[in-house]
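Visitor: I would like to walk through this model with someone who keeps the cut-offs in view. Could we begin once it is on the screen?

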Amino acid sequence: MRKIPIYSHPAAGWPALIASTRKLMDYKSFLRGSLSVLQSNQPNGGFDCPGCAWPDHKSHKTFDVCETGIKVLASETMSVKADAQFFARHTVSQLQGWSGYELEHSGRLSEPMRYDAKQDKYLPIAWDAAYKIIAEQLNKLASPDEALFYTSGRVTNEPAFLYQLFVRCYGTNNLPDCSNMCHEPTSVMLGKQLGVGKATVMLEDFEQAKLIIMFGQNPATNHPRMLEMLAHAHKLGCKIISVNPMREQGLSAFRNPQKPSHMAAGQSDAMVYDVVQIQIGGDAALLTGLAKWLIDNDKINDDFITEHTSGYEPLKQWIGKQTWADIELGCGIEQAQIIALAKQVAASPKTICTWGMGITQHVQGDDNVAMITNLLLLMGMIGVDGAGASPVRGHSNVQGDRTMGVHERPKQELLDSLERVFKRPMPQEDGFDVVGGAKALIEGKLKAFVSMGGNYAVAAPDMSAIQQALTTTDLNVFVGTKLNGTMLYPGANNIILPCISRTEKIITAKGEQFATTEDSMCQVSRSQGNLKPISKDIKSEVQIIADLATHVLGDDTDIPWQKMSQDFDIIRDYVAQAIEGFEDFNERVRAADRGFHLYHPARHRVWNTDSGKAQFEVPKYPITFVARQMAEASEDLQAEIDNSLDESTVATHSQKVWQLTSVRSHDQFNTMIFGYQDRYRQTERRDVLFMHPDEISRLGWQKGDAVIISRQDSHEQMRTLGPLVLTEMDIAANAVAAYYPECNDLFDLDTHAPSSHIPAYKSSTVIVERVSTEQVSQDHNPESRLNSA
């Protein structure tokens with residue numbers, strides 16, 4: 001086996017501090033950014049980091065932010081403005097050719113803008129004039145259901161509650177949010193199996209766990225503050241096992257920047273005990289193998305199953321029919337290794353299963369979450385200190401937005417509660433999620449698109465088709481802090497409304513206001529920015545929503561929108577009346593430094609499910625689903641080769657097909673591209689395809705070769721991406737990886753999980769062809785073009 005070049009240093013440490021400092025300088029935000037870093041995740045007047053949703057520990061730290069968090073803060077606190085002067089220099093057509101990196105670094109949006117088609121430029125517009133256009137366009141639609149209202153997880157609780165209330169008062173449940181593209185299988189399946197679609201653990205449980213199994217996660221890049229807790233758990237004797245097609249180097253060791261002894265002496269903490277390098281899409285098969293051995297060897301918790309669960313017998317019968325040959329084929333792991341892991345599960349009195357989007361973003365994503373939950377139920381690991389289900393959300397308040405009612409398929413209890421509190425009818429029909437909304441846009445069924453943060457078109461599959469569809473609408477409205485690729489495809493009316501960031505102060509006639517967020521583990525805490533807003537011409541999200549409601553709804557409401565915009569306590573009082581678990585909201589969020597934990601019934605073994613018990617679920621897809629897809633694609637490819645008389649076609653197609661997964665680099669957050677350095681994977685460009693060096697050698701190729709990826713979508717149309725530069729990675733056999741969101745046009749909107757509709761970003765069957773290296777762009781880093789602009 002060829003040696004793979006690896007990042008040989010511990011995660012974090014000096015490289016993280018150096019990279020963070022450089023990023024503050026790159027964004028020209030060293031002073032503002034440094035002040036924000038000191039207030040990030042701090043109690044009593046600090047703000048919740050707008051990065052990931054990893055919880056804050058109850059112990060106070062002077063410095064409580066990670067490298068990724070600092071990069072997000074640098075982006076929010078940059079002193080450069082994307083103002084009228086910026087837009088005067090660039091047509092929208094020119095900006096469409098900018099990379100994600102260039103758009104990200106173009107500056108903070110600092111005044112409302114409206115697209116002018118004659119000049120092909122954004123021009124300044126007064127706030128009231130913008131509101132008038134928006135109200136006119138929304139009120140002339142044939143139905144409120146012709147408008148789509150998207151939300152990003154960056155939005156805090158108070159504006160999220162106000163936003164869903166405004167949209168429902170307007171008359172639709174078309175309220176998709178970024179959950180539809182990340183953890184929707186978690187919400188759907190945990191809700192179905194446990195009664196609540198959220199984590200059953202608290203942060204303190206990681207200090208008591210004896211076994212932590214991480215499925216499809218790369219915390220060193222996506223939520224680095226988790227590394228500290230993993231290192232701490234390892235030190236306390238917990239075994240940590242990573243189940244991942246990629247052997248992520250950031251998990252090998254951790255040098256804590258908050259430990260002076262570590263930094264000065266070059267010390268580091270170990271973390272992961274073992275890595276199970278699973279085949280892409282093989283998680284349900286592996287979990288089936290674990291369950292099979294545990295059941296067959298009577299290592300399950302019979303008392304818990306009898307008292308607290310339903311559906312065990314159908315699951316047991318289904319597992320009994322699964323052969324070890326299919327299990328091995330499905331996950332790419334030998335039976336002996338699966339049994340060894342199963343024995344560790346059996347021996348652990350306290351087990352946490354934690355997962356990220358490597359589990360959810362599959363056609364069989366619902367099954368993956370169901371099987372994780374099944375494993376925990378088999379062992380009685382729900383409602384035990386130091387054990388439970390721990391999905392780790394990506395965006396800082398994506399869970400809070402859902403709790404506040406941002407949901408296209410709201411529960412009847414929420415609608416009834418809103419009607420009771422606000423004395424007006426709420427729409428009853430389910431709305432569009434991200435996938436359904438995008439398809440409706442493309443089909444011309446939607447006439448208006450409103451985005452409260454986020455980068456909808458770029459984050460979704462079929463990016464180019466969605467961007468083109470946006471040019472056909474009557475109205476597009478974007479509330480945000482930065483320019484992005486969704487804003488550059490204007491319809492008849494295209495308006496940008498700049499908002500105050502998480503790091504900035506919100507001061508109204510009632511004084512300085514604070515907002516709240518909910519982390520991945522149901523902790524609700526205060527968030528209060530400390531910086532002067534970048535411009536006097538930007539407004540808080542709450543103020544923008546209140547103004548929209550006032551203009552759009554007019555006299556058709558007696559809800560005190562403007563009073564709420566001036567006093568967030570009034571919003572929280574309404575939340576306390578309308579949302580279960582938020583009783584005495586204002587008092588409770590002020591009573592403790594870190595706020596309060598929402599009651600989680602399943603944590604107390606109370607099951608709010610249809611059966612009144614925790615529910616075992618039988619997977620819907622065969623455990624060999626991915627292997628069969630690859631086999632069928634290989635047969636189709638071989639038939640194409642056999643029927644071809646072109647020798648060059650035979651030469652380029654003679655290799656087997658691959659399973660592609662999308663990944664994020666160490667220099668990005670969601671669709672925000674901070675830079676081009678992926679430190680742990682040791683590459684400084686984004687137009688790459690990762691492949692194991694043994695596979696590269698087998699093909700007779702070399703690192704640095706140019707390749708093109710092809711995929712047949714659900715409509716039997718070929719999609720291609722590239723040329724890309726072939727790059728080495730310690731990734732499982734049959735697997736390749738490319739960067740998100742650049743690869744999103746490979747994925748189509750009809751390839752998704754059946755119940756949650758999650759797009760299959762993490763598992764797609766592709767063909768890889770080598771092409772001339774001359775076709776690869778040498779200008780892969782456009783920083784110079786941005787600086788000259």
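Guide: A term to fix before anything else is burial: a residue is buried under 20% relative accessible area, exposed over 50%, and partly exposed in between, with a 1.4 Å probe and protein chains only. This is a predicted model, in which local features need pLDDT of at least 70 and side-chain atom pairs count only at pLDDT 80 or more, while totals for chains, interfaces and linings use all residues. Residues are numbered from 1 along each chain as its sequence is written, and side-chain values use heavy atoms, with hydrogens and water left out.

Visitor: What pLDDT does the chain average?
Guide: The quantity pLDDT is the predictor's confidence in each residue, on a scale from 0 to 100. A score of at least 70 is reached by 90% of the residues, and the average over the chain is a pLDDT of 90.

Visitor: Over which residues does pLDDT stay under 50?
Guide: Where pLDDT is low, the predicted coordinates should not be read in detail. With contact meaning heavy atoms within 4.5 Å, one such stretch has 11 contacts beyond four places in sequence, and it covers residues 649–654. Another stretch below 50, also with 11 contacts beyond near neighbours in sequence, is residues 784–789.

Visitor: How many salt bridges does the structure hold?
Guide: Side chains of opposite charge can pair when their charged atoms come close. The criterion here is a side-chain nitrogen of Lys or Arg within 4 Å of a carboxyl oxygen of Asp or Glu, and the number of salt bridges in the structure is 34.

Visitor: With which residue does Arg 572 form a salt bridge at 3.0 Å?
Guide: Helices (H or I, at least four residues) and strands (E, at least two) are DSSP runs numbered from the N terminus. Arg 572 belongs to helix α27 (residues 568–578) and its partner to helix α8 (residues 157–170), so the pair links distant parts of the chain, 414 residues apart. Arg 572 counts as buried because its relative accessibility is 0%, and the partner is likewise buried at 1%. The closest N and O atoms are 3.0 Å apart, and that partner is Glu 158.

Visitor: Which side chain meets Arg 572 at 2.7 Å, N to O?
Guide: This partner is three residues away in helix α27, which means that about one helical turn separates the two. The partner is partly exposed, with a relative accessible area of 21%, and the residue that meets Arg 572 at 2.7 Å is Asp 569.

Visitor: Is Glu 408 buried or exposed?
Guide: Glu 408 meets Arg 409 in a salt bridge of 3.6 Å, N to O, and Arg 409 counts as partly exposed at 29% relative accessibility. Salt bridges with shared partners join both of them with Asp 177, Glu 184 and Arg 402 into one network. The relative accessible area of Glu 408 is 0%, so this residue is buried.

Visitor: How many disulfides does a search of the whole structure find?
Guide: A disulfide requires a pair of cysteine sulfur atoms within 2.5 Å. The closest cysteine sulfur to that of Cys 331 is in Cys 353, 15 Å away and therefore too far for a bond, and the sulfur of Cys 522 is likewise 15 Å from its closest counterpart, in Cys 182. The search returns zero.

Visitor: Which helix gives the most to the largest nonpolar core?
Guide: A nonpolar core is a set of buried Ala, Val, Leu, Ile, Met, Phe, Trp, Tyr and Cys residues joined through side-chain atoms within 4.5 Å. The largest has 69 residues, and Phe 161, Phe 166 and Trp 561 are among those that touch the most other members. Phe 161 has contacts that include Met 404, Phe 422 and Ile 571. With nine residues, the helix that gives the most is α8.

Visitor: Which strands stand at the edges of the open sheet?
Guide: Two strands pair if DSSP finds at least two bridges between them. The sheet has three strands in the order β20-β21-β22, with antiparallel pairing, and two bridges join β21 (residues 523–527) to β22, where Gln 523 stands opposite His 597. Each edge strand has a single partner, so one side of each is left without a neighbour in the sheet, and these strands are β20 (515–518) and β22 (596–597).
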